[in-house]
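Here is a friendly walk through one chain and its fold. Please keep the sequence and the 3D view open while you read.

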Amino acid sequence: MNNKQWIRVTAMQNIPLREGRSVNVAGREIAIFNLGDRVLAIDGRCPHKGGPLAEGIVTGSTVVCPLHAWKISLETGSISKPNENPACVATYRTRIESGIVLIEVPEASQEMEERPLSCGEQNRACLGDSPSPVL
Ligand code: FES
């Protein structure tokens, strides 16, 4: 089963341009980033040693972890530095409605508690879409 739900998380104005904010959504810590023309969301903790990704520096469409500088794609969740790193973080679809950021997350279920999301799982199917247009 693949049930998902859209959750309203915060007003767009609460996320400064090119910065991240941490939110708790359906029991998950998620880092959301304002890239100006869109908002991207990934798991909030670095796969290296749990650094708070919402506090990282945003460069282009990546974030640099504030603890040891791993560079993580906000679009795919993959790690681009260090090179060829198989670790990754889950990504989440986002959209903006009337200035409010919404994130698509799995509905709370036993399945998701037992099986964590894998790298880029949620955004892979929509890479061709125009994520989170500002309405
Ligand atoms: S905890 Fe993120 S790079 Fe080490």
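The report below goes from the overall picture to the sheets, the core and a few unusual backbone spots.

**The model and its confidence**

This is a predicted model, in which local features need a pLDDT of at least 70 and side-chain atom pairs count only at pLDDT 80 or more, while totals for chains, interfaces and linings use all residues. Residues are numbered from 1 along each chain as its sequence is written.

The mean pLDDT of the chain (the predictor's confidence in each residue, from 0 to 100) is 84, and 78% of the residues reach 70 or more. Among the elements, strand β6 (residues 62-64) has the highest mean pLDDT, 98, and helix α1 (residues 110-114) the lowest, 46. Residues 123-135 have a pLDDT below 50, and this stretch makes 20 contacts in the model beyond near neighbours in sequence. Two residues are in contact here if their C-beta atoms, placed from the backbone, lie within 7 Å.

**Overall layout**

The chain holds 12 strands and one helix. Helices (H or I, at least four residues) and strands (E, at least two) are DSSP runs, numbered from the N terminus. Along the sequence the pattern is β-β-β-β-β-β-β-β-β-β-β-β-α. Of the contacts in the chain with a separation of 6 or more, 52% are between residues 24 or more positions apart.

Of the 135 residues, 33% count as buried. A residue is buried if 20 or more other C-beta atoms lie within 10 Å of its own, exposed if 12 or fewer, and partly exposed in between, with C-beta atoms placed from the backbone.

**The sheet around β12**

Which strands flank β12 in its sheet? The order is β1-β12-β11, an open sheet of three strands with antiparallel pairing. Because β1 and β11 stand at the edges with a single partner strand each, one side of each is left without a neighbour in the sheet. The twist from one strand to the next averages 35°; angles run from 0 to 180 degrees between N-to-C directions, with axes as lines fitted to C-alpha atoms.

Two strands pair if DSSP finds at least two bridges between them. Strand β1 (residues 4-11) is joined to β12 by seven antiparallel bridges, and strand β11 (residues 94-97) by four. β11 and β12 also make a hairpin with two residues between them, and S98 in the turn has a positive phi of about 50°. Some bridge partners across these pairs, and one in the other sheet, are listed here.

| Residue | Opposite residue |
|---|---|
| Q5 | V105 in β12 |
| W6 | E104 in β12 |
| I96 | V101 in β12 |
| I79 | N85 in β9 |

Strand β12 (residues 100-106) has five of its seven residues buried, so it is largely enclosed by the rest of the structure.

**The five-stranded sheet**

A second open sheet runs in the order β5-β6-β7-β8-β9, again with antiparallel pairing. Its edges are β5 (57-59) and β9, each with a single partner strand, so one side of each has no neighbour in the sheet. Neighbouring strands are turned by 35° against each other on average, direction ignored. β8 and β9 pair over two antiparallel bridges.

**The nonpolar core**

In soluble globular proteins, nonpolar side chains tend to be buried together. The largest nonpolar core here has 27 residues, and A31, I32, A41, I42, L53, I72 and I103 have the most contacts inside it. Such a core is a set of buried Ala, Val, Leu, Ile, Met, Phe, Trp, Tyr and Cys residues joined through C-beta atoms within 7 Å. β3 (28-34), β4 (39-43) and β12 each supply at least two of the core residues.

What does I32 touch? Leaving aside neighbours within four places in sequence, the contacts of I32 include V9, I15, V39, A41, V101 and I103.

**Unusual backbone spots**

Most residues other than glycine have a negative phi, and most peptide bonds are trans. A26, in the loop between β2 (20-25) and β3, has a positive phi of about 50° although it is not a glycine. A26 is partly exposed, with 14 other C-beta atoms within 10 Å.

The loop between β8 (78-81) and β9 (85-88) holds P82, and a cis peptide bond with omega about 5° joins K81 and P82. E84 is found in the loop between β8 and β9 too, and its phi is near 50°, a positive value in a residue other than glycine. Is E84 buried or exposed? E84 is exposed, with 6 other C-beta atoms within 10 Å.
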